[in-house]
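Let's take a walk through a protein model together. Keep the picture open beside you while you read.

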Amino acid sequence: MSCEKFETLLLHYLDQELDAREALSVQHHLEECVHCSEKLQEIRTMREAVTERAFPDPAFFEDARRVLFQKIRASRPSSEKTFVLRGRPRWVPVFSTFLLIGVLMGLWLLPGRYQAFTLRQDLAELVALETLEQEALYEVYPEADALLEEELQLVEEFIVLAEAEELNYDAWLTEELELLNALGEAEELEEEDWENLEEELTFIEEETVG
Amino acid sequence: MEKAQVVDIDRETSPQDIPDGELVRRLQEKDDLEAYEILVKRYERQAYGLAHTLVGNREDARDVLQESFFNVYRSIRSFRGEASFKTYFFKILTNRCRDFQRRRAVWGRFFLGRVGAPGETPEHEGVVEGLNTTTPYDALSEKELGEKIEDILKTLPIRQRTAFALKVINQMKIHEVADIMKLSEGAVKAHLFHAVRKVQRQLHSYLKGQDEGSEVHVV
């Protein structure tokens with residue numbers, strides 16, 4: 001096995017996620033290979049440095065938690081109200097259902113039917129608020145987003161196929177290149193994203209050829 | 001009968017030992033905020049590790065974290081326990097972080113005329129512990145190394161960054177990362193390898209650049 005292959009296993013070796021045979025193989029290699037030993041040490045150092053920086057002090061979490069639970073408590077309906085969503089007694093949903101049916105029927109029978117419609121519309125809007133917000137955001141980049149998802153799906157399929165050694169590499173590569181070109185044409189990708197995709201493709205190509 | 005068992009757990013088990021499933025059940029059935037607080041305390045550090053890496057700065061990470069914990073609380077009744085609570089929560093958090101980035105990109109594009117890069121105002125809090133190692137990274141000060149890695153992470157694609165945060169920073173198992181990211185374990189490993197290799201390469205180029213710079217300076 002080449003150093004490149006061993007490098008793909010180093011992080012998992014460090015986290016003891018390799019099976020016994022692989023772990024032993026890496027261990028033996030590390031005893032002889034200065035390059036890979038250094039890479040392992042680099043990963044360890046990288047993790048220490050970034051982990052230390054990643055977490056603030058306990059006071060930060062205490063403060064964040066205090067704000068969170070204030071918000072949660074404020075969102076809870078008080079026990080005096082009839083329409084309790086959480087911790088409600090068993091009779092409440094039954095009663096609420098009958099009440100709601102009664103109200104809706106009353107509104108429907110009233111001359112101003114639009115009132116019931118407005119009520120339903122308001123409820124629907126309330127429930128779908130976050131969904132609508134997210135959909136609006138997706139609408140900005142519909143094409144690039146779909147293409148990117150497709151690209152990632154292909155990469156996943158590639159890995160599955162590569163693992164099963166059933167990959168028609170040429171066909172896959174052609175498909176992948178077409179997709180990358182399509183992404184480029186969509187002009188929704190930042191230059192950085194484009195470089196990352198190309199690099200990913202190069203890596204896959206190297207892996208497959210290797 | 002069930003009540004008696006719960007009381008026993010309360011008396012004999014410290015909060016840290018109560019399984020997630022039991023805490024979730026209490027929250028679902030009794031709206032027990034103490035149970036939820038234990039869950040929040042249990043995962044807030046790991047959650048922050050992910051959020052900070054994905055959104056790029058402390059304040060935004062805290063906002064995304066609070067929003068995610070709040071949304072999980074609101075939707076806990078729909079959690080059926082098919083996956084673990086940890087996986088369920090981290091999926092929601094990951095989606096929140098992605099939404100946040102999209103929102104920032106949209107606002108950046110419409111109102112600032114550009115796409116806001118994550119961590120435009122990076123903070124430099126915290127102290128890196130001593131590095132008793134013999135790697136080329138020793139050429140950097142502890143603070144510099146941490147900052148540089150954070151800067152590099154911001155240039156990685158979202159999936160690589162997510163995998164890096166969950167695995168390298170939060171030290172989760174590969175199968176957990178795969179569940180959260182809705183990818184195969186093979187795909188997660190590939191993203192991780194990319195991410196780690198890019199960080200290593202960019203650190204090396206940075207160090208090389210520094211060496212050359214200092215040589216020129218000496219000459």
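Is the crossing of α3(B) and α7(B) left-handed or right-handed? Before answering, one reminder: what you are looking at is a predicted model.

**Two helix pairs in chain B**

The crossing of α3(B) and α7(B) turns out to be right-handed. To find the pair, look for helix α3 at residues 33-55 of chain B and helix α7 at residues 158-169 of chain B. Their axes are 9 Å apart, and the packing angle is about 150 degrees. That angle makes α3(B) roughly antiparallel to α7(B), because angles over 145 degrees count as roughly antiparallel.

Who touches whom here? On the α3(B) side you'll find Gly49(B), Leu50(B), Thr53(B) and Leu54(B), and they meet Ile158(B), Arg161(B), Thr162(B), Ala165(B), Leu166(B) and Ile169(B) of α7(B). Sorted by class, this contact of α3(B) with α7(B) has six nonpolar, three polar and one charged residues.

Now follow α3(B) to another partner, helix α4, residues 58-75 of chain B. The axes of α3(B) and α4(B) come within 9 Å and cross at roughly 140 degrees. With that angle, α3(B) is oblique to α4(B). The crossing of α3(B) and α4(B) is right-handed. Among the residues that make the contact are Tyr36(B), Tyr43(B) and Ala47(B) from α3(B), along with Val64(B), Phe69(B) and Tyr73(B) from α4(B). By class, the contact of α3(B) with α4(B) divides into 14 nonpolar, one polar and three charged residues.

**A cluster of rings**

Some of those names come back when you look at aromatic rings. Over all chains, the count comes to 14 aromatic pairs. One of them is formed by Phe85(B) and Phe89(B), a stacked pair with 6.4 Å centre to centre and 15 degrees between the planes. It is called stacked because planes under 30 degrees apart count that way.

Where do these two rings sit? Phe85(B) and Phe89(B) both lie in helix α5 of chain B, residues 85-112. They are four residues apart, about one turn of the helix. Phe85(B) counts as buried, at 3% relative accessibility, and Phe89(B) counts as buried too, at 0%.

Zoom out a little and you'll see that ring pairs link Phe85(B) and Phe89(B) into a cluster with other residues, including Tyr36(B), Tyr43(B), Phe69(B) and Tyr73(B). The cluster also takes in Phe69(A), from chain A.

**Residues with positive phi**

Most residues other than glycine have a negative phi. Here are some residues in this model with a positive one:

| Residue | Phi | Place |
|---|---|---|
| Gln16(A) | near 55 degrees | loop between α1 (3-14) and α2 (20-32) of chain A |
| Asp31(B) | about 55 degrees | loop between α2 (20-30) and α3 of chain B |
| Lys182(B) | near 55 degrees | follows α8(B) |

Is Gln16(A) buried or exposed? Gln16(A) is exposed, with a relative accessible area of 70%. Asp31(B), on the other hand, counts as buried, at 9% relative accessibility.

**Toward the end of chain B**

The helix just before Lys182(B) is α8(B). It spans residues 174-181, and six of its eight residues are buried, so it is largely enclosed by the rest of the structure. The buried ones are Ile174(B), Glu176(B), Val177(B), Ala178(B), Ile180(B) and Met181(B).

Next, find Gly186(B), which has its place in helix α9 of chain B, residues 185-218. Gly186(B) is buried, with a relative accessible area of 15%. How far is Gly186(B) from His175(B), in sequence and in space? The two are 11 residues apart in sequence and 9.9 Å apart in space, C-alpha to C-alpha.

**Chain B as a whole**

Finally, step back. How many helices and strands does chain B have? There are nine helices and zero strands, and from the N terminus on the elements read α-α-α-α-α-α-α-α-α. Chain B has 219 residues, and buried residues make up 56% of them. As for contacts in chain B with a separation of 6 or more, 62% are between residues 24 or more positions apart.

Conventions
Residues numbered from 1 in each chain as written. Chains lettered and ligands numbered in written order. Predicted model: local features only at pLDDT ≥ 70, side-chain atom pairs only at ≥ 80, totals over all residues. Heavy atoms only, no water. Axes fitted to C-alpha atoms, helices over the stretch in contact; angles between N-to-C directions. Parallel < 35°, antiparallel > 145°, perpendicular 65-115°, else oblique. Left-handed = near helix turned anticlockwise from the far one by under 90°. Contact = heavy atoms within 4.5 Å. Nonpolar A, V, L, I, M, F, W, Y, C, P; charged D, E, K, R; others polar. Phe/Tyr/Trp six-rings, centres within 6.5 Å; stacked < 30°, edge-to-face > 60°. Buried < 20%, exposed > 50% of the residue type's maximum accessible area, 1.4 Å probe, protein only.
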